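Q: I'd like to learn how to read a few features straight off a structure. Could you walk me through this one?

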Amino acid sequence: MNNISSSIPKIDHLEKANGSAIYVCDYDTDDMLHGRLLRSSIAKGIVRNVRIPELPDGYFYVDSTDIPGKNQVHMIQDDTPVFTNDVQFIGEPIGMLVGPDLKKVGSLLSETQVEYENLAPVFDARGSEDIFFDFNIEKGDVEAAFAHADRIIEGSFETGLQEHIYLETNGMIGKFQDGKMIIHGSLQCPYYVHGALVDATALTHENVIVKQDVTGGGFGGKEDFPSALACQVAIAAFKADGKSVRVVFEREEDIIATSKRHPSYCDYKLSVKDGKVTGMVSDIIVDAGAYTTMSMVVLQRATIGSSGVYNIENIKVRGRAPKTNTVPNGAFRGFGGPQVFFAIEMMMTHVAKELGVDSAEFKLKHIVQQGDLTSTSGKYHFPVPLKQMAAKVLKESDYFKKQKQYKNQTGRYRKGIGFSLVFHGAGFTGNGERDIIKAVAHLKKLKDGRVEILTANTDMGQGLATTFTKIVSKTLDLPPEKIIFSLPDTSRVPNSGPTVASRSIMVVGELLRRAAIRLKDEWIEGEEQLIEQRYEHPSFMIAFDAVNFKGDAYPTYSWQATVVETTIDTLTGGISIDNVWGSFDVGTPIDESIVIGQMEGGIIQSLGYAIMEKCTIYNGAINNKKLCDYIIPTAPDFPNMNVYLYVDEYPEGPFGAKGAGEMSHVGGAPAVLDAIQNALGTKLSKIPFMPEDVLDILREEKLDD
Amino acid sequence: MVKNLLPETLEDALTIYFGQPELVPYSGGTDIMVGSSCEDKNFLFINRIPELKQIRLDNEFIRFGSACTFTEVIENDLTPTILKEACKKIAAPAIRNVGTIGGNIANGSAKADSALIFMVTNSLLRLQAHGSERILPLRDFYIGRSKTAIKQGELISEILMPKQNLDNYYYEKVGARKALSISRVSFAAILDVSDDIIRNCATAFGAVSDVILRPSEIDNMLIGKSIKEAKAIKSTYIATLDKAIVPRSGRVSIEFRKDVCMNLISDFLESNGI
Amino acid sequence: MIDIIKFNLNDKEISYTGSASARLLDFLRDEKKMTGTKCGCKEGECGACCVIIDGKTVNSCLVAMGSIHGASIITIEGYSKTERFETLSKAFESVSAIQCGFCMPGMLLSSECILDGNPKPSETIVREGLSGNLCRCTGYNSIVKAVLKASEKGGGLW
């Protein structure tokens, strides 16, 4: 391996190819007990009575009365109960039935009756008076900007729910033996689960052990949610006489009961003076659902990102996360970014249209530069290569020519081309790494000269086992075979933080690189050595004030420029994606194939989010709860993705790497909606945008004729 | 436990079914195995009965054995292109390899993609029971939402597609994605013109209403007409269809279904110079 | 009449006397402990449970045991011992086409069926052939690339 970016075989390739990798659903269940959750059938109310049928020997029921510790799932704020008596959404866990035969457990569950005292639920986020979080940003003088404006242009934008559809549903196995609670399963963040278990079980830190099993996709869906499931399984495990209790969701249960991407409602007002945007007022609402879970952080990112990649000197942003009586919305790749970047990107095209100028050129005229202030009056410390990246995709796609050519088409098929510019702030927002996470990584050198990576970070498919191995192997000048990466086990690994926020390579990867340099210096042949590396906050960062939203929200940013070309079938409303061109700057790719896979995977999720994945809730109940109703892209849907990697090295990241995993989910949706705007000659402002919406527009067009 | 559920001939199958009418015929399984209750059902497996797996030609019909899988139908040289095309749009290979045309009809769904083609071609069903059989036009088989005219003890043994000129057809399936999709609207039409006279005009609309719509009385308006004459009555024809097509809402709206149907019928006519 | 359901599983003769209505998927995973075949939905939508029955890819979640009498079944456990698997797996490895891996046993068996039916498939044929196997990680590009690469390198194997 000469260059860190040159791809190597993924270290978990073979076991996943030949089916021998053991996911949580694959453990032999012959000696296990199966649990199924009793879930509420109403959206809001008090549980008055649970009538369980007579249970055969070996079967038992647990609920909130069985919790030795707190009936709270520790996340950020601890409002999610382990088992509820005060129902806040349809599908909320009330208790768990457990027994040796899964089918029998299921039939007992269907005979179980719950009596409720019904209360009035709230489903409309915009009408909710219960606001979990309310954040405000002010920069410059918005009043003055608006007072002196030539024009003030308004726009409102909506985005829908998105379900993760990791191919492997959530699952957890727990066992209580010899005073220790051992939980393993499909999860992104072992120490999040660990922290939640300590609170719920009232056991000591040492007596709670969390291990990750091979995890079949996460995308954020296994960030906050597994903490709840782990607590529920643990409470059951206390009563299982040393047997393992296993809960693996069927697909429908996973869709009904686990977190989704927050729907959003964004209102924008932009002031324009001499053809330039001088001020922005935005009002961001993300629907939190019934509990806070990750909403605070999602809203932070949404609020901070609401001015997009543009240098707007005067801004006033309000972001709110109201409560509704629906399944809690939580972490999902992009974390608030896909919502607000959709809004600001569409807004910029609408303003350009109003001004009668080309939208791509209009956007490029406004992009931030190195040294500019961020929305939170921090600084873009490093070069912003968006101009070069945009030039690449605009040229490759022949954007300007096509964009003009596709105006005013007639005939059955109409083509369109669209363009977007986005960023993703790498790592935790604000001082999170320094004040909350305080990551620690270990490298353990064995006597035989092999080196083991000890971190809490997980590979859920994104390739971390391979990229971490490469970082250590390259730094130590050892072949990858000499590096050991095992699935994290909290009894063996230090808390290097969660695998979220596009932080793992940039932050923990760098700790490993530094540890490896030290190990190389201190290397003693034939001896066991342990190197501990602790997080150091980059000294260039302007401290973040999380109350007033001032300072550096992120040390650096990843950048993306995207062009999407579509064909609209005016007879059926069908939207085809013909081509995608994406330029991505994620710093140095630690493995080119892996990074390209991340970019392609993110784009397709983003395109699905925009034009395919519709998930609606009626009276608190999810309508699209099967894979034939919640539609994700298949292999023939979005071919012809052209990915270009632009490298602007980040000096504080390992080999120049910065955050990669999430951003690719941000840029696709605004680009495809812009393309549809181009094809239909109209302004669009909501996703998902479906064939029905195409025909609605064409119907209006006919009426206008 | 499995005794008597695996007949090897059609005769055996009909005899068993006569004695145990509570059995659920299992052909491809791709519909009835969805959902957890299937494991408690008792199936009569008819998926390996040779008589039900043949595709052959006689003087009047192309005869499709009901247990032919979509893949087998696609791969058979006797299958007209319109049917191949519709079968290729069904789900994905793994479903097409076991799902059968008989099952596609028997489940009574208005979304059934192969059934749409059998409807537009005025195909007939051969229904066999122990000691009896009858031939029923497919159109009469559908009597309501998921309701069919099948009688106790009856199996669909063959689908009889009348021989006709199917060279000039129009077919469109509107699904939620390019593959693996359930029809949200489907439309098939046949136009046979010779010597400037419309010899046959047939349309069928799937996934719109409780049953597949086959407005043959309306289509008859165009039969026997020249293209020019057809053009003259086009607006009446379309208006009559417009009234006859009453969509129900489901995964998509009523307006969407209606628009797509009317758009496609117009395109079908225009593409034929009408 | 048939009393015992007999079939061939990965080159071994199996006599099955359980319920004819049970799912092949459950038989493989729970009874035979062949957990390479995954369950992603139990509704025939995701393809994670694909196995090869008589040379064709099938969703094992929608197969009742009674329907496989006389059939020949290959699961990933059997297929992974073949030279074709070696070639296909290497091709997937070369473009890092496997991310979370949950869809992969089914994806590889569907790939095998594509190549078996058409040793030199076009990209369109590959995409169509994989259309019943959902993958949420990759965006499919790398998988398609891998199948085409296997076709190129697999000289004579298919």
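Q: Let's start with helix α16 of chain A: how many of the residues of α16(A) are buried?
A: This is a predicted model, so keep that in mind throughout. A residue counts as buried if 20 or more other C-beta atoms lie within 10 Å of its own. For α16(A), 13 of the 13 residues are buried, so the helix is largely enclosed by the rest of the structure.

Q: What span should α16(A) have, and what do its end C-alpha atoms show?
A: Take 1.5 Å a residue, counting one less than the number of residues. For the 13 residues of α16(A), 668-680, that gives 18 Å, and the end C-alpha atoms are 18 Å apart, which agrees. Right after the helix comes G681(A), with a positive phi near 65°.

Q: Which residues does the cis peptide bond join?
A: Generally speaking, most peptide bonds are trans. Here, a cis bond links I687(A) and P688(A), with omega about 0°. You'll find P688(A) in the loop between α16 and α17 (691-704) of chain A.

Q: What is the phi of D477(A), and where does this residue sit?
A: The general idea is that most residues other than glycine have a negative phi. D477(A) isn't a glycine, yet its phi is positive, about 60°. Look for D477(A) in the loop between α13 (464-476) and β19 (483-485) of chain A.

Q: And N640(A): what is its phi?
A: Near 60°, again a positive value in a residue other than glycine. N640(A) belongs to the loop between β24 (621-622) and β25 (641-645) of chain A.

Q: Are D477(A) and N640(A) buried or exposed?
A: Count the neighbours: with 12 or fewer other C-beta atoms within 10 Å, a residue is exposed. D477(A) has 10, so it is exposed. N640(A) has 12, so it is exposed too.

Q: How is chain A divided into domains?
A: The domain assignment gives domain 1 (24-118 + 164-257), domain 2 (264-429 + 556-704) and domain 3 (440-534). The C-alpha centres of domain 2 and domain 3 of chain A are 35 Å apart. Their contact takes 18 residues from domain 2 and 16 residues from domain 3. On the domain 2 side, the residues are eight nonpolar, six polar and four charged.

Q: Now chain B: what is the strand order in its open sheet of three strands?
A: In general, strands pair through backbone hydrogen bonds, either parallel or antiparallel. In this sheet the order is β10-β11-β12 of chain B, and the pairing is antiparallel. β10 and β12 (197-206) each have a single partner strand, so one side of each is left without a neighbour in the sheet. Neighbouring strands are turned by 5° against each other on average, direction ignored.

Q: How many bridges join β11(B) to β12(B)?
A: Nine, between β11 (185-194) and β12 of chain B. Among them is the pair A188(B) and A204(B).

Q: Which helices go with the sheet?
A: Helix α6 (113-120) of chain B lies across β10, β11 and β12, at about 30° to β11(B). α10(B) also packs on the sheet, touching β10, β11 and β12 of chain B, and makes about 20° with β11(B).

Q: Which element gives the most to the side of chain B that touches chain A?
A: That's α10(B), with six residues. The contact as a whole takes 16 residues from chain B and 14 residues from chain A. Elements giving two or more residues on the chain B side are β10 (169-174) and α10 (254-271). By class, that side has nine nonpolar, two polar and five charged residues.

How values were computed
Residues numbered from 1 in each chain as written. Chains lettered and ligands numbered in written order. Predicted model: local features only at pLDDT ≥ 70, side-chain atom pairs only at ≥ 80, totals over all residues. Contact = placed C-beta atoms within 7 Å. Helix = DSSP H or I, 4+ residues; strand = E, 2+ residues; numbered from the N terminus. Nonpolar A, V, L, I, M, F, W, Y, C, P; charged D, E, K, R; others polar. Domains from an automatic or database assignment. Pairing = 2+ DSSP bridges. Axes fitted to C-alpha atoms, helices over the stretch in contact; angles between N-to-C directions.
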